[in-house]
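Notebook open, viewer open. I want to follow the strands and see what sits against them.

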Amino acid sequence: MIRIRAGSARRMRPGAVFLAVGTGLFLRARRTLLRELRQARAVAGAAQSVLLRPLPASVGGFGLAAAQLSADPGAAVGGDLYEVMATEHGVRVVMGDVRGHGLAALGTVAAVLGSFREAAHDEAELAGVLRRLDRALARHLRGREPGHPAAEDFVTVLLLQITDDGALHALNCGHPWPYMLNTRGAEHLLSTDVLPPLGPFPLPADLTAVPGGRLRPGETLVLYTDGVADARDADGSFFPLPAVLSESTRDGPVSPQTILRTVFTRLLHHTRTRPRDDAAILVLANPGHCATRPTARRGAGNCATGPRPPVDG
């Protein structure tokens, strides 16, 4: 039994008092910082979800799946961007890659994506869309802090347009060409030279979209960023994207979601960790059957195999 006599309480030493007070202040400051960090991440996550909003399962009759893996553990998205929109000019697609990654690149992503979402509807020609993106990026870069080296800011951009009969046209500013998946496996959509990335150099006066054949029923396009193709394993070997894509469709066409899941699973298995660069993949498939395409142009084709009969009235 421990007996405590009245008046015999021992006084705490000054060092112990300071230690107790300091520990309390530290724990309180730590709780405050953690709460503010959670709030900041929640706000950033909400902003990112609006900026790079989830794509629907289909747009304009084409099946879709897309996802991004940020190299920054604190960010849901980073410097990669994509969007797919059905317009009266056809289905228009953008895939881009901002120099840098993580939250620091979000401002540039916002400038490019915001411009595309307006220009895709407004501009009759794909060249007009690209010029609008270029001007929006230039305005954004001029607003950067003084002394920031503008030469280090650039964005690779791939623009695609798919008309109602499946015809493909493209403009490419320094971005990897997408793969076309069909019975022959995985092939690059085009192998022509590309324009320089947006930012450091002006666009040429003569800007004409390059024809890329057709996206036929049962065929699939896979767009991606450098973070996918340049991912390496512990031995320095690059991720074998073409082989993985060919293997995923060896038994015939599969859903865009299946392709997306297969590629990201194999990518993470290859690197054994989070990639060093942002990685984004967008899969767009012609399902091989007619479906009403929500374009604003009446009488346009509703299937990639041919035009729709005239609409009465």
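**Entry 1: a strand pair.** I started with β3 and its pairing to strand β4 (residues 90-98), which is antiparallel and has 8 bridges. This is a predicted model, so everything I note here is read off a prediction. I picked one spot to check: Met85 sits opposite Arg92 in β4.

**Entry 2: the whole sheet.** Next I looked up which sheet this pair belongs to. There are 5 strands in an open sheet, ordered β3-β4-β5-β6-β9, and the pairing is antiparallel. Which strands stand at the edges? They are β3 (80-87) and β9 (210-214); each has a single partner strand, so one side of each has no neighbour in the sheet. I also checked the twist: on average, neighbouring strands of this sheet are turned by 20 degrees against each other, ignoring direction.

**Entry 3: helices on the sheet.** Helix α2 (residues 106-122) packs on the sheet and touches β3, β4 and β5 (155-162). Its direction makes about 10 degrees with that of β3. Then I moved to helix α3 (residues 126-142), which lies across β4, β5 and β6 (167-173). Against β5, helix α3 runs at about 155 degrees.

**Entry 4: more on α3.** I wanted to know if the length of α3 adds up. With 17 residues at 1.5 Å a residue, α3 should span 24 Å, and its end C-alpha atoms are 25 Å apart, so that agrees. (The 24 Å counts one less than the number of residues.) Then I listed buried residues of α3, among them Leu126, Val129, Leu130, Leu133, Leu137 and Leu141. Arg132 and Asp134 are on that buried list too. What covers them? For the buried residues of α3, the cover includes β4, α2, β5 and β6. A reminder to myself: an α-helix has 3.6 residues a turn, so residues three or four places apart point the same way.

**Entry 5: strand β10.** Is strand β10 (residues 220-224) mostly covered or mostly open? Mostly covered: 5 of its 5 residues are buried. Thr220, Val222 and Tyr224 point one way from β10, while Leu221 and Leu223 point the other way. That fits the textbook rule that side chains in a regular strand alternate between the two faces of the sheet.

**Entry 6: partners of β10.** I found strand β7 (residues 179-182) joined to β10 by 3 bridges, running antiparallel. In that pair, Tyr179 stands opposite Val222. β10 also pairs with strand β11 (residues 279-285), again antiparallel, over 5 bridges. There, Leu221 has Leu284 as its bridge partner.

Notes: Residues numbered from 1 in each chain as written. Predicted model: local features only at pLDDT ≥ 70, side-chain atom pairs only at ≥ 80, totals over all residues. Heavy atoms only, no water. Pairing = 2+ DSSP bridges. Helix = DSSP H or I, 4+ residues; strand = E, 2+ residues; numbered from the N terminus. Axes fitted to C-alpha atoms, helices over the stretch in contact; angles between N-to-C directions. Contact = heavy atoms within 4.5 Å. Buried < 20%, exposed > 50% of the residue type's maximum accessible area, 1.4 Å probe, protein only.
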